[in-house]
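The exercises below concern the structure shown next. Each task is followed by a solution worked in steps.

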Amino acid sequence: MGSHWGPQGRAGPRRMSFLLLLSLFCPALSELIRYTVPEELARGSLVGNLAKDLGLPVQDLPTRNLRVSAEKKFFTVSTENGDLLVSDRIDREQICGKKLTCVLEFEMVAEKPLNFFHITVEIQDVNDNPPTFSQNITELEISELALTGATFALESAQDSDVGVNSLQQYFLSPDPHFSLIQKESLDGTRYPELVVKSPLDREEQSSHHLVLTAVDGGEPARSCTTQIRVVVADANDNPPVFTQDMYRVSVQENLPVGSSVLRVMATDLDEGINAEITYSFINIGEAVRQSFKLDSKTGELTTGVQLDFEERESHTIGVEAKDGGRHTAHCKVQIDVLDENDNAPEITLDSESKHIQEDADLGTVVALIKTHDLDSGLNGEILCKLNGNFPFKIVQDTKTTYKLVTDGALDRERTPEYNVTITATDRGKPPLSSSRSLTLHIGDINDNAPIFQQSAYLVHVPENNPPGASIAQVSASDPDLGPNGRVSYSIVASDLEPRALWSYVSVSAQSGVVLAQRAFDHEQLRAFELTLQARDQGSPALSANVSLRVLVGDRNDNAPRVLYPALAPDGSALFDTVPRAAQPGYLVTKVVAVDADSGHNAWLSYHVLQASEPGLFSLGLRTGEVRTARALGDRDAARQRLLVAVRDGGQPPLSATATLLLVFADSLQEALPDLSDHPAPSDPQAELQFYLVVALALISVLFLLAVILAVALSLRRTTSNISWNCFQTGSICSKTGPHVLPNYCEGTLPYSYNLCAASHSSKTEFKFLNVNPAHAPAQDLLCNEASWFESTSSDNPKITSDSVNLQQMTGSEDICVLALVLLLYSPGQGDSLSLYKSLSECIGLHYL
């Protein structure tokens, strides 16, 4: 047992030299490795280290998946060390019959990269079969007239072994009348003949018993015996004679059953019954006996079955001619079967890769193709080709093996699979061919990024949408398969703050539906933009981005808000004075309102809902300006009340109302009595403050002289602008521009007016004001913060005001307060109004 390169010789330096020469001169052919093993090896017996002979590292064996490719697998490969082992019983006689050389050929297939190697294992014969005779006792008649030296053919023993283990010689038991000679036929088989050594005398001995022993050449030798009973017959002195000792004929295979092959002929010089010749087979096997038929009378040889060159190329047949006197003659018939092209080539696909990655390199092996034709010569030469135009080609590897390799770029998205047909054609006349179809599936790789259906998305979402509602859906397609084509969506960028983004919107990773996480407010957020990403799940992943702009539409969800006239802290309305001599078109005041909505929803209109004297005032539909429509008549009341509605342009419209109190008077003192007609409701706190003011006024009288002196001194001080302005009549509440509350940034700003008076009753009260410097400067407090309030729930009007923090008054402010107190409670001083206003401005008080 061992491995050999070529016909003989163990693996060694010669094998390495052969490998080097093979790689230099035959790079396109697979390596040819030859082993020699005896038959009947036990399963698991070592044939040779195949991995070493192939030059494959042992550590690569699991990934190379080395395996045997054959119709019947007698061998297997160990994945641990690469040894070629026996996997099934090897019976040389069953595999090769009588062939002198028994060879098993198969391919070893290796993967990653895909390749195969041609392996030849020669099976050596062992002496496991003894010679055998078909009969235990053979009866032979020999005429007593047989001459000394006459020979008689004996039955040959059959030995299934070949070579030295086959039948080598015969031995005959000692006998004075007979001896044994051995002859060899053309096919190398030996057969015995019995030789008459001395004359026979039937009267002396009518029969002889001999033992024939057949021995083979094995070690130890095997043998078998048969009994030969020689019957001495009466005289018939002329044996039959064949016209030829060897008949040879060639016939075509596939002859019809019963076709004549040839006729053998023997003659006998005797006459009568001794000249009647019969023909029969001798020394042939059962298979030949069934393949041919011999006419015992005529000697004509015909076919018993249809001959097949692929099963057996030639037949050697022994024929015996026997006359009536039992003389015999023998000849050999050699029948050569001629091959016809009656077998189409066979195609075997070994290790085909049914799935090919679309990025496979040119020349990647897709499948190994093995061809086989039972015919010989030109009839067995095969040409393999690929039908159709495909990105593949067939490359010949050995005489009977081919490789199907890639020959062009593959694109699964364009062609997901190929149905290729491989055709093998022999060179016979006429040629025969066979085809084999193979379906190749192209494996997907992640070579396509997702593609959005639109280059950009623009959606309109009305405000006040329900949280969780779908506002848009983006969709991207990916022509790849499986995870490579499975798209997920996410938000990767936005013009919103990162922290605020997730509180506004989210996107479904599977469907691409964009969901609102909260109700949008057009007044807070009118538009925002998102960058959405579609990402597949390939490795590496590919992605695409698209912009989604969301426009938040406005709804009429904000009612107009009246900025002017403002309400007092207790909810009472302000009042404005109108000169009695005001002409038609005189601008009395302006209602200022704003609407947080936009568009038509913020388009405001002003309407008079109720007026004390209809037709006396007109209201601008869009401006909100209140003007006199006619001159004041004698019968018109001095105090007028207007209820104004402000409506927006939404559907349905929303509105707000404002109440205007207008007093026709030429001065504040003239307006105050008109306001006193409606007493304010009694307020205990106001009464307490009233008594406190009275007490302060009484005390202030005692210091009147000191006050006057202090005022005079403060007027001389040029650096004290505040005190000087208290007595400058030209600077009293000189407001020329509109005043805007710091909380508003939209709408038409209100006009400011000089005089703000409060209603007073028979019981006049007042209290000090709280100054809020954050909303109104000291010089504007008189007009911006002073408010007159009209109470509809009580019949007692009163004067209300915010209290002044006395602890904040220092210097000239204290003097102004005391002077103001004296003026308010000194009746009969008609010219003190201007001084009163200056003092109030000086200390930052608001008229009430």
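**Exercise 1. Strand pairing and register**

Identify the bridge partner of Ala-472 in strand 39, and place the pair within its sheet.

Solution.
Step 1. The model is a predicted one, and in it Ala-472 has Val-514 of strand 39 as its bridge partner.
Step 2. The two strands concerned are strand 35 and strand 39 (residues 513-516), which pair in the antiparallel sense over three bridges.
Step 3. The sheet is open and consists of three strands in the order 35-39-38, with antiparallel pairing. Its edges are strand 35 (470-473) and strand 38 (505-507), each of which pairs on one side only.
Step 4. From one strand to the next, the twist averages 25°.

**Exercise 2. The largest nonpolar core**

Determine which residues touch the most other members of the largest nonpolar core, and which elements supply at least two residues of this core.

Solution.
Step 1. The core has 29 residues, and those that touch the most other members are Phe-452, Ile-471, Val-505, Val-514, Phe-520, Phe-528 and Leu-548. Val-514 is also the bridge partner of Ala-472 from the previous exercise.
Step 2. At least two residues of this core come from each of strand 34 (456-462), strand 35, strand 37 (487-494), helix 6 (498-504), strand 38, strand 39, strand 40 (527-536) and strand 41 (543-553).
Step 3. Strand 41 provides the largest share, five residues.

**Exercise 3. A hairpin and its neighbour**

Describe how strand 23 pairs with strand 20 and with strand 24, then examine the turn of the hairpin.

Solution.
Step 1. Strand 20 (residues 278-282) and strand 23 (residues 314-322) run antiparallel and are joined by five bridges. In this pairing, Tyr-279 stands opposite Ala-321 of strand 23.
Step 2. Strand 23 also pairs with strand 24 (residues 328-338), in the antiparallel sense and over nine bridges. Here Ser-314 stands opposite Asp-336 of strand 24.
Step 3. Strands 23 and 24 form a hairpin with five residues between them, and Arg-326 in the turn has a positive phi of about 70°.
Step 4. Strand 24 also contains Gln-334. Gln-334 has a relative accessible area of 9% and is therefore buried. Between Gln-334 and Met-246 the C-alpha to C-alpha distance is 7.3 Å, although the two are 88 residues apart in sequence.

**Exercise 4. Salt bridges and accessibility**

State how many salt bridges the structure holds. For the pairs of Glu-111 with Arg-67, Lys-370 with Glu-107, and Arg-89 with Asp-91, give the N to O distance and classify each partner as buried, partly exposed or exposed.

Solution.
Step 1. The structure holds 18 salt bridges.
Step 2. The cut-offs needed are under 20% relative accessible area for buried and over 50% for exposed, with partly exposed in between.
Step 3. Glu-111 and Arg-67 meet through their side chains at 2.9 Å, N to O. This pair links distant parts of the chain, since Glu-111 lies in the loop between strand 7 (102-110) and strand 8 (115-124) and Arg-67 lies in strand 4 (residues 67-69), 44 residues apart. Glu-111 is partly exposed because its relative accessibility is 23%; Arg-67, at 25%, is likewise partly exposed.
Step 4. Lys-370 and Glu-107 form a salt bridge at 2.7 Å, N to O. This pair, too, links distant parts of the chain: Lys-370 is in strand 27 (residues 365-372) and Glu-107 in strand 7, 263 residues apart. Lys-370 has a relative accessible area of 18% and is therefore buried, and Glu-107 is buried at 6%.
Step 5. Arg-89 bridges to Asp-91, with the closest N and O atoms 3.3 Å apart. Arg-89 is partly exposed because its relative accessible area is 45%, whereas Asp-91 is buried at 13%.
Step 6. Glu-40, Arg-89 and Asp-91 belong to one network, joined by salt bridges that share partners.

**Exercise 5. A nonpolar surface patch**

Which residues form a nonpolar patch with about 340 Å² of accessible area together, and is Leu-702 buried or exposed?

Solution.
Step 1. The patch on the surface is made of Ile-699, Leu-702 and Phe-703.
Step 2. Leu-702 lies in helix 8 (residues 684-702).
Step 3. The relative accessible area of Leu-702 is 71%, so Leu-702 is exposed.

Definitions and conventions
Residues numbered from 1 in each chain as written. Predicted model: local features only at pLDDT ≥ 70, side-chain atom pairs only at ≥ 80, totals over all residues. Heavy atoms only, no water. Salt bridge = Lys/Arg side-chain N within 4 Å of Asp/Glu carboxyl O. Helix = DSSP H or I, 4+ residues; strand = E, 2+ residues; numbered from the N terminus. Buried < 20%, exposed > 50% of the residue type's maximum accessible area, 1.4 Å probe, protein only. Pairing = 2+ DSSP bridges. Patch = residues over 30% accessible without salt bridge, like charges linked within 9 Å, V, L, I, M, F, W, Y side chains within 5 Å. Areas by Shrake-Rupley, 256 points an atom, 1.4 Å probe, with all protein chains shown as cover. Axes fitted to C-alpha atoms, helices over the stretch in contact; angles between N-to-C directions. Core = buried A, V, L, I, M, F, W, Y, C linked by side-chain atoms within 4.5 Å.
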